[in-house]
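Good morning, everyone. Please have the sequence and the model open while I talk. I will go through one chain, part by part.

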Amino acid sequence: IAIATTGDRNSQKENEEHHIAAISEDGYTITLQNPLKYLHISIEQTFGDRTVETRGEVALLTRNVVIKGTMNEQFVETLPACEEEFNSGGAFSDAMQTCFAGKFGEELGSDEMGAVIIISPKYKNQNLVQARISYTELTSVGQAFRVGRYPIHFHVTGAMNTSYI
């Protein structure tokens, strides 16, 4: 499992990976093979009639990962191509095919924005970056009508022969 830090801004390197040694019969308690190195806070606070629970994120690393953007069924339809010419601008610019603006109303971005994974090293062909994505489901991802905002975008990486999806 992976356990996220719960400390202040100076605790960014206190994330931990551990192996589970045992799981209780009721499934609510785990025993780790080794003790945690850092303190991970878990608290409940009550504000008026509302109780807020604050705990660190825990990820089970041996299972599939789902990256899911929002999908509003009201906006699902096939769109015709723009008739206008399109200049993409810079690689990370917010260039957009403007003929789609306002297509679904005035809330630009509410129906065409999803998660994006961008792999972009500072210098290409120097093996500075690796992307190894497996057992991952991507649903409702990418950013419609935006150049370079694909679900997974290898941007000017050069040779990345140790990376895979």
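Ile1, Glu17, His18, His19, Ile20, Leu60, Leu61 and Thr62 line the second largest pocket. The volume of this pocket is about 160 Å³. Sorted by class, its lining has 4 nonpolar, 3 polar and 1 charged residues. Please keep in mind that this is a predicted model.

Several of the strands around those residue numbers belong to one sheet. In what order do the strands of this open sheet of 3 run? The order is β2-β1-β7, and the pairing is antiparallel. At the edges are β2, residues 16-17, and β7, residues 58-59, each of which pairs on one side only. Strand β1 covers residues 2-3 and is joined to β2 by 2 bridges, the two running antiparallel. If you want one pair to look for, take Ala2, whose bridge partner in β2 is Glu17. Glu17 is also one of the residues lining the pocket I began with. As general background, strands of a sheet pair through backbone hydrogen bonds, in a parallel or an antiparallel way.

Now the hairpins. Ile20, another residue of the pocket lining, stands opposite Leu32 in β4. That pair belongs to strand β3, residues 20-23, and strand β4, residues 30-32, which are antiparallel and share 3 bridges. How many residues lie between β3 and β4 in their hairpin? There are 6, and Gly27 in the turn has a positive phi of about 80°.

Further along the chain, strand β5, residues 42-47, pairs with strand β6, residues 50-55, in the antiparallel sense over 6 bridges. Here Ser42 stands opposite Arg55 in β6. The hairpin of β5 and β6 has 2 residues between the strands, and Gly48 takes a positive phi near 65°.

Both of those were glycines, so to speak of other residues I need one piece of background: most residues other than glycine have a negative phi. Two residues in this model are worth a look on that point. Asn125 has a positive phi, near 60°, and is not a glycine. Asn125 lies in the loop between β9 and β10. Is Asn125 buried, partly exposed or exposed? Asn125 counts as partly exposed because its relative accessible area is 48%, and the class for partly exposed runs from 20% to 50%.

The second one is Val156, with a positive phi near 45°. Val156 sits in the segment after β11, residues 152-154. Leaving aside residues up to four places away in sequence, Val156 touches Pro121 and Lys124. Val156 and Ile119 are 37 residues apart in sequence, and their C-alpha atoms are 8.7 Å apart in space.

Next, the inside of the chain. How many cavities of 30 Å³ or more are counted? The count is 1. The largest cavity holds about 30 Å³ of space. Its lining consists of Pro121, Tyr123, Asn125, Gln126, Asn127, Leu128, Val129, Thr157, Ala159 and Met160. By class that gives 6 nonpolar, 4 polar and no charged residues. Two names here have come up already: Asn125, with the positive phi, and Pro121, which Val156 touches.

Two more residues show how parts of the chain that are apart in sequence come together. Arg63 lies in the loop between β7 and β8, the latter being residues 65-68. Why is Arg63 called exposed? Arg63 counts as exposed because its relative accessibility is 56%, and the cut-off for exposed is over 50%. Arg63 and Tyr135 are 72 residues apart along the chain, while their C-alpha atoms are separated by 7.5 Å.

Ser134 is found in the loop between β9, residues 117-119, and β10, residues 136-139. With a relative accessible area of 36%, Ser134 is partly exposed. Ser134 and Tyr164 are 30 residues apart in sequence and 7.9 Å apart in space, C-alpha to C-alpha.

Last, the chain as a whole. It has 0 helices and 11 strands, so if you list the elements from the N terminus you write β eleven times. Of the contacts with a separation of 6 or more, 62% are between residues 24 or more positions apart. Buried residues make up 19% of the 165 residues. The accessible surface is about 12,700 Å², and 49% of it belongs to carbon and sulfur atoms.

That is the end of my part.

Terms used: Residues numbered from 1 in each chain as written. Predicted model: local features only at pLDDT ≥ 70, side-chain atom pairs only at ≥ 80, totals over all residues. Heavy atoms only, no water. Helix = DSSP H or I, 4+ residues; strand = E, 2+ residues; numbered from the N terminus. Buried < 20%, exposed > 50% of the residue type's maximum accessible area, 1.4 Å probe, protein only. Contact = heavy atoms within 4.5 Å. Areas by Shrake-Rupley, 256 points an atom, 1.4 Å probe, with all protein chains shown as cover. Pairing = 2+ DSSP bridges. 1 Å grid on protein atoms, 1.4 Å probe; cavity = no way out; pocket = protein on both sides within 12 Å on 5 of 7 lines; lining within 4 Å. Points joined across faces, edges and corners; volume = space filled by probe spheres on them. Nonpolar A, V, L, I, M, F, W, Y, C, P; charged D, E, K, R; others polar.
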